[in-house]
Amino acid sequence: MSAKSAIEEKLKEIGAPKKYSPLNPNETYIQRWDAELEEFSEDIEDYYDENRQTDEEKEQKLEILKEIEDYLVKKLFVQPINGIQYEVRAVVPFGSSASALGMAGGDLDMTICVHPPLGRKRTGEIKQRTNDILREIVKSIESGKMLNDREIEDMEHRDGARVPIINVLIDGVEVDISVSMTVLVSEQYLAAKMIDAYAKYDHRFILLAAFVKKWLKSKKTDNNEDYYRTVFPNSCCSVLLVVFFMKQYKLLPNLGARHPSLIENVSWVKARGGESGSFGIPNAEVKRWKDSNHCDVSLGTLFLLFLEYYANLDFMNYKLLVEEGELRHKRKADAMEIVINTDVSEIEEELMEDVLPDVCSYSKTQLNKLRRQGLHFGKQPRKFEK
């Protein structure tokens, strides 16, 4: 089903706007809702236009980042840190400020990508090395050797955080400095580039995502912050929800399927070739996709459909595979459930694929739950022995 047909069918299910007067029975439901929500659509667009990060703000942030990178490469990392010789692969921005979702007054999230790399499971060692590096950066800033011509305020090394960072105000810009030790390009950096790649296919994605972020943040107050963090998705998740929703209506492509090299085994050479935010996706390819999939529907109507989609989604029994744009049923790890609920032609395949995960992949909470249920009696994995 085309995007237009799917949207028209869903709006027909919702019904016509309450103020709708059936003067023209030939109007589609898309036309009716677009007309009803025209002013709201303008509000969504105006919010982005009036609050987006200016070119001057972005340039200021990139200048700060470049100055930090130059010092690290030329001064700090020329000597070993706590006995380890590091190589700076890149110092890159990530998060909203690194993409078209950057808003005025936003902070600068940056990560220092270094080698030698460490595997993800070596969390304790990663944290220790990260704090060693961040500690040296703090010393360099405090001594005036680094960023000496800039105004530095409120610097804090959060060494006990799950992901250690330095939080500091540099010339009035809030900056979070982190470290990445992955073999390939850091996922945070790629995520920002993916946002801009999606925007190339449909600019409404950026406008809708920015408004959804604003709407969700409006629910937080000084008195409900803990509850808010528990119930509402964070900024990154809210953007992913918009991505997934638009994929359900074929308004965005599955970039991983169309351009697998964007996600898998991305080298810094490839990543830097996509600094424009499109990863080098040819304009002709984007045009072909738009010609086949674009649906002329307003931002207000899209927001209505966004609310309808998630208000009726059964999160208890379904999970969202954002990259694939796939809604998948949460399968119970129970052979009997598979035999009862699976199509007969697929039972054997499902049974063989339903493997037990390595106990080392469980969190400590999950492992304790298994023990309480009498399902695990072995020794604790070494990662919990401290």
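Arg158 is partly exposed, with a relative accessibility of 34%, and it is a convenient place to enter this predicted model. Its side chain takes part in a salt bridge with Glu156, where the closest N and O atoms are 3.3 Å apart. Glu156 is itself partly exposed, at 40% relative accessibility. Elsewhere, salt bridges with shared partners tie Lys10, Glu13 and Glu308 into one network.

The count of salt bridges comes to 15, and two further examples deserve a closer look. The side chains of Arg89 and Glu87 meet at 3.2 Å, N to O. Arg89 counts as partly exposed at 31% relative accessibility, and Glu87 is partly exposed at 42%. The other example joins Arg135 to Asp132, with an N to O distance of 3.2 Å. Both residues belong to helix H5 (residues 123-142), where they are three residues apart, about one turn of the helix. Here the surroundings of the two partners can be told apart by the cut-off for burial, which is under 20% relative accessible area. Asp132, at 11%, is therefore buried, whereas Arg135, with a relative accessible area of 34%, is partly exposed.

Charge also meets an aromatic ring in this model. The charged end of Arg32 sits over the ring of Tyr29, 4.6 Å from the ring centre.

Turning to contacts between rings, the structure holds 15 aromatic pairs. In one of them, the ring centres of Phe40 and Phe211 are 5.6 Å apart and the planes meet at 75 degrees, so this pair is edge-to-face. The contact links distant parts of the chain: Phe40 lies in helix H3 (residues 38-51) and Phe211 in helix H7 (residues 204-217), with their positions 171 residues apart in numbering. Phe211 is buried, with 11% relative accessibility, while Phe40 is partly exposed at 25%. Another edge-to-face pair is made by Tyr309 and Tyr310, with 5.0 Å from centre to centre and 90 degrees between the planes. Tyr309 is buried at a relative accessible area of 14%, and Tyr310 is buried as well, at 13%. These four rings belong to a wider cluster linked by ring pairs, whose members also include Trp215, Phe244, Phe245, Tyr249, Phe303, Phe306 and Phe315.

On the surface, Val339, Leu351 and Met352 form a nonpolar patch, with about 270 Å² of accessible area together. Leu351 is placed in helix H15 (residues 347-353). Its relative accessible area is 30%, and Leu351 is accordingly partly exposed.

The strands offer a hairpin to inspect. Strand S6 (residues 318-321) and strand S7 (residues 326-329) run antiparallel and are joined by four bridges. Within this pairing, Leu320 has Leu327 of S7 as its bridge partner. Four residues lie between the two strands of the hairpin, and in the turn Gly325 has a positive phi of about 65 degrees. In a regular strand, side chains alternate between the two faces of the sheet.

Several backbone features complete the picture. The peptide bond from His115 to Pro116 is cis, with omega near 15 degrees. Pro116 is found in the loop between strand S2 (108-115) and H5, and H5 is also the helix that holds the Arg135 and Asp132 side chains described above.

Positive phi values also occur in residues other than glycine. Asp154 has a phi near 50 degrees and lies in strand S3 (residues 152-158). With a relative accessible area of 59%, Asp154 is exposed. Lys250, likewise not a glycine, has a positive phi of about 60 degrees. Its place is in the loop between helix H9 (235-248) and helix H10 (255-258). Lys250 is partly exposed, at a relative accessible area of 38%.

Note on methods: Residues numbered from 1 in each chain as written. Predicted model: local features only at pLDDT ≥ 70, side-chain atom pairs only at ≥ 80, totals over all residues. Heavy atoms only, no water. Pairing = 2+ DSSP bridges. Phe/Tyr/Trp six-rings, centres within 6.5 Å; stacked < 30°, edge-to-face > 60°. Buried < 20%, exposed > 50% of the residue type's maximum accessible area, 1.4 Å probe, protein only. Lys NZ or Arg CZ within 6 Å of the ring centre and 35° of its normal. Patch = residues over 30% accessible without salt bridge, like charges linked within 9 Å, V, L, I, M, F, W, Y side chains within 5 Å. Areas by Shrake-Rupley, 256 points an atom, 1.4 Å probe, with all protein chains shown as cover. Salt bridge = Lys/Arg side-chain N within 4 Å of Asp/Glu carboxyl O.
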